[in-house]
Amino acid sequence: MAVREITVIGHRALHQPTKRVREVTDEIRTLVADMFDTMEAAEGVGLAANQVGVRLRIFVYDCPMPDGDNVRGVVVNPVLERLGTPQPLDEDEDGEGCLSVPGEWFPLARFPRARVTGTDLEGNEVVVEGEGLLARCLQHETDHLDGYLYVDRLTGPWKRAARESVKDRGWAEEGTTKWLPGALKAEDV
């Protein structure tokens, strides 16, 4: 399979809701395989289809768990359920980053647990539920598919800091829309 370019904040595909997948085709299977390769090359824990410029409702994930194992999969047409009550923001513990806002990390409170339902590539029902990093990943990737980046959810000084970072890196300017994992590291973009 192949590593694809990752779209950067400001790219139209990241700021529009994605479309439901009506049928899993060979093209979609190739897309998913490429998404796993891209996520691995970028050293990410999740990747939504619109992050590689495809406006379909699909994400992949590969999250480390506290027991040392990883939980890995794909969800087609995910529906998110946020569970529990968000705790006050802990600026040291609640950091979040994004492959489409490479090299940046900002505190963001999320719900402590999350559940996503959808299907796999065979059309079988998938239910993924988790807490901690997995819950954060499920919320983050579903946000992408709804047309939101994590920086859109920041508040106060963190929202201002994110805006300044985007401006300083030149992502608000036309022409800076993608980066290729393997050719560049996220922090170098």
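How many bridges join β4 to β7, and in which sense do the two strands run? Hi everyone, let's start right there: six bridges join them, and the strands run antiparallel. One of the facing pairs puts Val76 opposite Thr119 in β7. Please keep in mind that this is a predicted model.

Now let's zoom out to the sheet. It is open, with five strands in the order β2-β3-β4-β7-β8, and the pairing is antiparallel. At the edges sit β2, residues 46-48, and β8, residues 125-131, each pairing on one side only. From one strand to the next, the twist averages 40°.

Next, the helices. Helix α1, residues 26-41, packs on the sheet and touches β2, β3 and β4; its direction makes about 35° with that of β3. Helix α2, residues 133-145, lies across β2, β3, β4, β7 and β8, and runs at about 160° to β3.

Let me spend my last minute on β7, residues 113-119. Besides its pairing with β4, β7 pairs with β8 over seven bridges, again in the antiparallel sense. One partnership to look up on your screen is Arg113 with Glu131 in β8. The two strands form a hairpin with five residues between them, and for the torsion fans, Gly123 in the turn has a positive phi of about 90°.

Finally, which residues of β7 are on the covered face, and which on the uncovered one? Ala114, Val116 and Gly118 make up the covered face, while Arg113, Arg115, Thr117 and Thr119 make up the uncovered one. That fits a general pattern: side chains in a regular strand alternate between the two faces of the sheet. Thanks, everyone!

Note on methods
Residues are numbered from 1 along each chain as its sequence is written. This is a predicted model: local features need pLDDT of at least 70, side-chain atom pairs count only at pLDDT 80 or more; totals for chains, interfaces and linings use all residues. Side-chain values use heavy atoms; hydrogens and water are left out. Two strands pair if DSSP finds at least two bridges between them. Helices (H or I, at least four residues) and strands (E, at least two) are DSSP runs, numbered from the N terminus. Axes are lines fitted to C-alpha atoms, for helices over the stretch in contact, and angles run from 0 to 180 degrees between N-to-C directions. Contact means heavy atoms within 4.5 Å. Buried means under 20% relative accessible area, exposed over 50%, partly exposed in between (1.4 Å probe, protein chains only).
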